[in-house]
Amino acid sequence: MFNALVVEKDEEGKTHAAVKELSLDDLPAGEVTVAVEYSTVNYKDGLCVGPGGGLVRNYPHVPGIDFAGTVEASDDDRYKPGDKVVLTGWRVGEAHWGGYSQKARVKADWLVPLPDGIDTRQAMAVGTAGFTAMLAVMALERQGIKDGPVLVTGAAGGVGSVATAILANLGYDVAGVTGRPETADYLTSLGAKQIVAREELNETTKRPLEGETWAGCVDAVGGAMLARVLGQMKYGASVAAVGLAGGAGLPATVIPFLLRGVNLLGIDSVMQPYDNRVEAWKRVAKDLPMDKLEAMIQPAVLADLPELGRGILKGQVKGRVVVDVNG
Ligand code: NDP
């Protein structure tokens with residue numbers, strides 16, 4: 001028997017999350033059984049753990065969109081017991097039982113072997129948010145990052161914290177946008193050179209173009225802020241759009257694309273091909289300083305998840321929550 005956070009739906013359609021005992025027979029089908037060590041709290045997890053069930057597709061359900069652990073049993077030649085593995089994406093924690101559990105059973109194709117230089121706890125300190133931040137940086141690099149400051153929006157959140165630390169470590173001047181002035185020291189410690197107040201960029205303007213300011217941008221916020229940032233990009237610069245913490249709408253004009261050749265790059269971490277996942281995890285191990293990663297970690301256990309889920313939806317979580325599922 002083992003413990004997992006199980007979300008159930010009652011007859012009135014209300015969802016309830018609680019830590020319960022399960023057996024291996026309860027797990028969904030898959031080629032690889034993993035003894036999970038750590039999972040994390042991402043924005044999507046907040047939706048799945050909260051009332052209404054968010055993105056959950058079947059009940060009862062074990063949420064947790066990512067996990068890292070050790071292979072316990074495998075019917076696939078690529079993995080053997082004892083291998084360290086990490087999983088992000090593939091609708092795990094939404095359509096297939098996920099990482100808020102001491103055991104998980106998944107398709108072998110969804111896993112990635114953990115590269116050297118990073119352990120299971122560090123891998124989940126990175127988690128889906130940090131993996132996505134790495135994908136965003138790689139996308140910006142492919143387009144070429146211009147000279148000048150690189151903007152990170154939602155900087156004190158999960159994606160933003162990791163993007164800030166990676167970009168600063170690569171030598172870029174990072175400007176972090178935050179709505180929480182009290183996180184300025186934290187962002188500076190991750191390597192941000194400049195802190196921009198959220199209000200400065202949340203105000204809408206009738207001007208489709210402003211001064212050419214940003215050499216690149218990792219955007220976790222979307223909405224009005226993304227629209228405003230597009231008009232402030234340098235000629236030919238790129239924005240890697242990752243999230244919608246500030247809204248799914250985009251009240252923008254085509255002018256930045258037409259007159260400044262701005263590139264808007266959409267980043268999806270869910271259905272990433274195997275080679276890209278391997279490459280991104282290797283880059284994380286190489287380009288993200290592990291001491292900075294430590295500063296982002298908030299430890300948690302399974303029983304903390306309902307409250308933490310509510311917190312992330314309100315934008316109250318700083319850095320990355322690492323869930324010790326055996327804690
Ligand atoms: P977090 O909640 O950790 O961070 C989001 C940050 O955005 C907050 O910390 C806050 O930063 C800022 N923010 C929140 N609300 C607002 C608002 N109304 N206006 C402006 N800023 C706001 O979430 P994550 O970093 O984990 O995820 C960020 C986004 O990226 C989410 O929408 C998530 O769903 C998405 N995502 C997408 C992925 C993909 O594959 N494309 C993968 C992973 C995440 P601050 O306090 O510093 O202002």
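**Notebook: salt bridges, helix α3 and the ligand shell**

I began with glutamate 94, which is buried at a relative accessible area of 5%. I use "buried" for under 20% relative accessible area, "exposed" for over 50% and "partly exposed" for values in between, with a 1.4 Å probe and protein chains only. The model is predicted, so I noted that local features need pLDDT of at least 70 and side-chain atom pairs pLDDT 80 or more, whereas totals for chains, interfaces and linings use all residues. Residues are numbered from 1 along each chain as its sequence is written, and side-chain values use heavy atoms, with hydrogens and water left out.

**Entry 1: salt bridges**

I looked up which residue pairs with glutamate 94 in a salt bridge. The partner is lysine 44, and the closest N and O atoms are 3.3 Å apart. Glutamate 94 sits in the loop between β5 (84–88) and β6 (103–106), while lysine 44 belongs to helix α1 (residues 43–49), so this pair ties together parts that are 50 residues apart in sequence. A salt bridge here is a side-chain nitrogen of Lys or Arg within 4 Å of a carboxyl oxygen of Asp or Glu. Helices (H or I, at least four residues) and strands (E, at least two) are DSSP runs, numbered from the N terminus. I recorded lysine 44 as partly exposed, with a relative accessible area of 26%.

By the salt-bridge rule, I have a count of 16.

I next turned to arginine 228 and glutamate 210, whose side chains meet in a salt bridge at 2.7 Å, N to O. Arginine 228 lies in helix α6 (residues 223–230) and glutamate 210 in the loop between α5 (198–202) and β11 (216–219), so parts that are 18 residues apart in sequence are tied together. I found both arginine 228 and glutamate 210 to be buried.

**Entry 2: aspartate 287 and aspartate 219**

I located aspartate 287 in helix α8. At 5% relative accessibility, aspartate 287 counts as buried. Its salt bridge is with arginine 283, and the closest N and O atoms are 2.4 Å apart. The two residues are four apart in helix α8 (residues 274–287), which means that about one helical turn separates aspartate 287 from arginine 283. Arginine 283 is buried as well. Through shared partners, salt bridges join Glu141, Arg283, Lys286 and Asp287 into one network.

I also checked aspartate 219, which lies in strand β11. Aspartate 219 counts as buried, at 0% relative accessibility. The C-alpha atoms of aspartate 219 and glutamate 203 are separated by 16 Å, and these residues are 16 apart along the chain.

**Entry 3: helix α3**

How many of the twelve residues of α3 are buried? Eleven are, so I regard α3 as largely enclosed by the rest of the structure. Among the buried residues I listed Gly158, Val162 and Leu167. I then compared the length of α3 (residues 158–169) with expectation: its twelve residues should span 16 Å, and the end C-alpha atoms are 17 Å apart, which agrees. The expected span is 1.5 Å times one less than the number of residues. Glycine 171 follows α3 and has a positive phi, near 100 degrees.

**Entry 4: the ligand**

I found 28 residues around the ligand, and Thr178, Gly179, Arg180, Ile267 and Ser269 are the closest. A residue is counted as near if one of its heavy atoms lies within 4 Å. By class, I recorded 14 nonpolar, eleven polar and three charged residues in the shell. α2 (120–143), α3, β9 (174–178) and α5 each supply at least two residues of the shell, and α2 gives the most, with three.

I looked up where oxygen atoms of the ligand have N or O partners. A polar side-chain atom of threonine 178 lies 2.7 Å from one ligand oxygen atom. A backbone N or O atom of alanine 156 lies 3.0 Å from an oxygen atom of the ligand, and for a backbone N or O atom of leucine 244 the distance to a ligand oxygen is 3.0 Å. Taken alone, the ligand exposes 910 Å², and the protein buries 88% of that.

**Entry 5: backbone geometry**

Most residues other than glycine have a negative phi, and most peptide bonds are trans. I therefore noted the peptide bond from tyrosine 59 to proline 60, which is cis with omega near -10 degrees. Proline 60 lies in the loop between α1 and β4 (66–74). Tryptophan 90 has a positive phi, near 60 degrees, and is placed in the loop between β5 and β6. Arginine 91 has a positive phi of about 60 degrees and is found in the loop between β5 and β6. I entered arginine 91 as partly exposed, at 38% relative accessible area.

Note on methods
A polar contact is a pair of N or O atoms within 3.5 Å; within protein, one must be able to donate a hydrogen and the other to accept it, and residues adjacent in sequence count only if both atoms are side-chain atoms. Accessible areas come from the Shrake-Rupley method with a 1.4 Å probe; for residues, only the protein chains shown count as cover. Ala, Val, Leu, Ile, Met, Phe, Trp, Tyr, Cys and Pro count as nonpolar, Asp, Glu, Lys and Arg as charged, and the others, Gly among them, as polar.
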